[in-house]
Amino acid sequence: MRKLLQIIIFAFVVTTQAQRSDFDQVDLTRAEALARDHKGEDLYALPILVHNLTAPLATDVERFRAIYLWVCQNIKGDYPMMLENDKMRRKLHTDSLALVTWNNQFKKEIFQILRKKKRTTCSGYSYLIKEMAELAGIEAVIVDGYGPINKLKIERLKIPNHSWNAVKLNDKWYLCDATWAAGYTDLTTYLFEFDYDDQYWLMPPEEFAKTHQPEDPQWTLLPLAQN
């Protein structure tokens with residue numbers, strides 16, 4: 001029994017740590033260069049942008065790398081808009097109809113600002129990653145949940161406060177968070193500063209789970225959650 005337990009633990013560690021290293025042999029240099037080359041382009045012709053970012057690349061992980069980096073390096077976080085949304089969602093959490101109405105209204109506002117000004121909240125980041133990935137023929141989903149994890153905070157929130165993505169590469173799901181990777185907001189000025197953090201690119205699930213708790217446990221991608 002002890003030996004069996006050791007094997008199970010070893011398999012768990014190998015599975016989770018392998019997430020990012022699955023692509024150690026893939027040269028991502030060209031993908032990263034394409035993201036840089038198209039810096040500053042707008043979102044009005046998204047299919048063309050995605051084509052320009054991904055057409056010269058041979059693999060899905062390269063194509064997704066170019067998309068993810070472009071989003072992280074061109075889309076600013078909008079902290080005041082996030083505060084407005086959180087305030088209204090807390091206010092309306094006991095009125096499901098009013099909350100749905102607000103969510104629908106706010107989504108329209110988010111997407112208009114995203115398209116025109118390239119500023120957004122986590123909802124916009126995760127939406128854009130999903131849309132661009134799918135235009136490139138890559139399966140991706142939006143994952144809603146809580147971040148950072150704090151059980152007391154989650155109990156008070158009652159509703160999710162963050163969104164990120166899961167992406168399928170070579171028939172395997174991976175996690176990423178473009179919102180946290182893109183940069184940070186200077187809370188003295190409320191101005192966003194680009195400061196790319198690569199750790200949120202295909203982060204191993206057990207590390208990701210320390211700061212992200214999805215509504216649907218299967219999207220932790222941890223073996224026990226999927227059994």
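1. The lining of the second largest cavity divides into seven nonpolar and two polar residues, with no charged residue. This is a predicted model, and the points below should be read with that in mind.

2. Nine names make up that lining: W164, L175, P205, F208, A209, H212, P214, W219 and T220 line the second largest cavity. Its volume is about 30 Å³. The structure holds two cavities of 30 Å³ or more.

3. On open sites, the largest pocket has a volume of about 550 Å³. Its lining counts 25 residues, and Y79, M82, T179, W180 and T185 are the closest to the pocket centre. Two or more lining residues come from each of α5 (79-91), α7 (122-135), α8 (151-157), α9 (178-182) and β6 (183-186). Among these elements, α5 gives the most to the lining, with four residues.

4. By class, the lining of the largest pocket has 10 nonpolar, nine polar and six charged residues. Charged residues are thus present in this lining, whereas the lining of the second largest cavity has none.

5. The second largest pocket has a volume of about 450 Å³. It is lined by 22 residues, and those nearest its centre are R89, K107, S123, D144 and S163. At least two lining residues are supplied by each of α5, α6 (96-117), α7, β3 (140-146) and β4 (162-169). The largest share, five residues, comes from α6.

6. The class split for the second largest pocket is nine nonpolar, eight polar and five charged residues.

7. The two pockets draw on some common elements. Helices α5 and α7 each give two or more residues to the lining of the largest pocket, and each also supplies at least two residues to the lining of the second largest pocket.

8. Helix α4 can be checked for geometry. It runs over residues 60-74, and at 1.5 Å a residue its 15 residues should span 21 Å; the C-alpha atoms at its ends are 21 Å apart, which agrees with the expected span.

9. How many residues of α4 are buried? With buried taken as under 20% relative accessible area, the count is 13 of the 15, so the helix is largely enclosed by the rest of the structure.

Conventions: Residues are numbered from 1 along each chain as its sequence is written. This is a predicted model: local features need pLDDT of at least 70, side-chain atom pairs count only at pLDDT 80 or more; totals for chains, interfaces and linings use all residues. Side-chain values use heavy atoms; hydrogens and water are left out. The expected span of a helix is 1.5 Å times one less than its number of residues. Buried means under 20% relative accessible area, exposed over 50%, partly exposed in between (1.4 Å probe, protein chains only). On a 1 Å grid over the protein atoms alone, a cavity is a set of points where a 1.4 Å probe fits but cannot get out, and a pocket is an open set with protein on both sides within 12 Å along at least five of seven lines; lining residues have an atom within 4 Å of a point. Grid points are joined across faces, edges and corners, and a volume is the space filled by probe spheres set on the points. Ala, Val, Leu, Ile, Met, Phe, Trp, Tyr, Cys and Pro count as nonpolar, Asp, Glu, Lys and Arg as charged, and the others, Gly among them, as polar.
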